[in-house]
Amino acid sequence: NTERIAGGTRFETATKIAEKLAEKKGKKPTEVFFVYAYNFADALSASTVAAVKGAPVIYLKTTGDLDKQTADYLASVKGSVKQAYVIGGAGVISNPMMKTAASALGLTSGKTVTRVYGANRYATCVAVNKAFASSMTGTALCIATGADFPDALAGGVFAAIKSAPLFLVNNAAKKLDDTQTAYLKEKQAKKFFVFGGPGPVSDPTVNLVKAVK
């Protein structure tokens with residue numbers, strides 16, 4: 001059988017998927033991940049840990065009011081959700097929007113709704129991996145380009161099954177930043193899975209990651 005899970009907008013589609021997830025699990029979520037609706041990088045960083053936790057990913061705008069379908073969904077899980085996470089900095093999801101989402105859940109911004117972010121998409125990915133290290137207990141690391149979404153998106157469930165953090169790289173930079181290097185030294189991965197060909201993630205970039213000890 002084929003079932004389409006869809007809404008009139010990306011916001012509603014996200015809530016429909018969240019509702020289907022709850023139906024399959026037989027209970028409402030206790031955790032929710034909020035990501036920016038109009039770019040992909042932070043959603044990719046959150047996707048693996050959200051899958052491991054069985055937590056829905058809900059879209060937010062930068063400012064303004066909650067989308068109606070989002071507001072309705074948050075009202076439906078108010079009391080069930082005890083912890084929520086905003087992935088990304090205030091430039092993509094503002095502090096007022098974070099407070100609005102927290103209020104919709106009956107939670108407190110900065111306490112039971114916390115922001116996980118870094119200086120850029122690559123540092124945010126590292127921040128997510130560190131914040132949820134207790135859920136990402138696998139010894140492998142999954143490498144994908146942070147410049148586009150298809151490869152990391154396709155590999156997200158695989159990474160979740162392996163409990164392996166997703167590690168976004170900037171192939172064009174031909175180097176790792178200090179935040180990435182420090183994380184790799186801490187992680188000490190035993191195996192690496194690279195999503196995509198040598199165009200998006202070159203062999204020299206892979207070797208940079210593997211060389212960190």
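1. Let me start with Phe 34. In this predicted model, once its neighbours within four places in sequence are set aside, Phe 34 is in contact with Ile 58, Leu 60, Leu 74, Ala 84, Tyr 85, Val 86, Ile 87, Ile 93, Ala 101 and Leu 105. That list is worth keeping at hand for the next point.

2. Phe 34 belongs to the largest nonpolar core, a set of 22 residues. Phe 34 is also among the residues with the most contacts inside this core, together with Leu 60, Leu 74, Ala 84, Leu 105 and Val 113. Two or more core residues come from each of β1 (31-36), β2 (57-60), α3 (68-77), β3 (83-87) and α4 (95-105). The largest share, six residues, is given by α4.

3. There is also a second core, separate from the one above, with 15 residues. Its members include Phe 40, Ala 144, Leu 168 and Phe 193.

4. On to the open space. Which residues are the closest to the centre of the largest pocket? They are Ala 43, Ser 47, Val 57, Tyr 59 and Leu 153, out of 25 lining residues. The pocket holds about 650 Å³ of space. Elements that contribute two or more residues to the lining are α1 (10-25), β1, α2 (41-53), β2 and α6 (150-161), and α2 gives the most, with six residues. For anyone thinking about chemistry, the class make-up of this lining is 20 nonpolar, five polar and no charged residues.

5. The second largest pocket has about 150 Å³ of space. Of its 14 lining residues, Asn 39, Ala 41, Asp 42, Val 92 and Arg 121 are the closest to the centre. Here the elements giving two or more residues are α2 and α5 (121-131), with the largest share, three residues, coming from α2. By class, this lining has six nonpolar, six polar and two charged residues. Helix α2 is thus a shared thread: it gives the most to the lining of the largest pocket and the largest share to that of the second largest.

6. One last residue you may like to look at is Thr 205, in helix α8 (residues 203-211). Is Thr 205 buried or exposed? Thr 205 counts as buried because its relative accessibility is 4%, and the cut-off for buried is under 20%. Not counting residues up to four places away in sequence, Thr 205 touches Val 169 and Asn 171.

Key
Residues are numbered from 1 along each chain as its sequence is written. This is a predicted model: local features need pLDDT of at least 70, side-chain atom pairs count only at pLDDT 80 or more; totals for chains, interfaces and linings use all residues. Side-chain values use heavy atoms; hydrogens and water are left out. A nonpolar core is a set of buried Ala, Val, Leu, Ile, Met, Phe, Trp, Tyr and Cys residues joined through side-chain atoms within 4.5 Å. Buried means under 20% relative accessible area, exposed over 50%, partly exposed in between (1.4 Å probe, protein chains only). Helices (H or I, at least four residues) and strands (E, at least two) are DSSP runs, numbered from the N terminus. Contact means heavy atoms within 4.5 Å. On a 1 Å grid over the protein atoms alone, a cavity is a set of points where a 1.4 Å probe fits but cannot get out, and a pocket is an open set with protein on both sides within 12 Å along at least five of seven lines; lining residues have an atom within 4 Å of a point. Grid points are joined across faces, edges and corners, and a volume is the space filled by probe spheres set on the points. Ala, Val, Leu, Ile, Met, Phe, Trp, Tyr, Cys and Pro count as nonpolar, Asp, Glu, Lys and Arg as charged, and the others, Gly among them, as polar.
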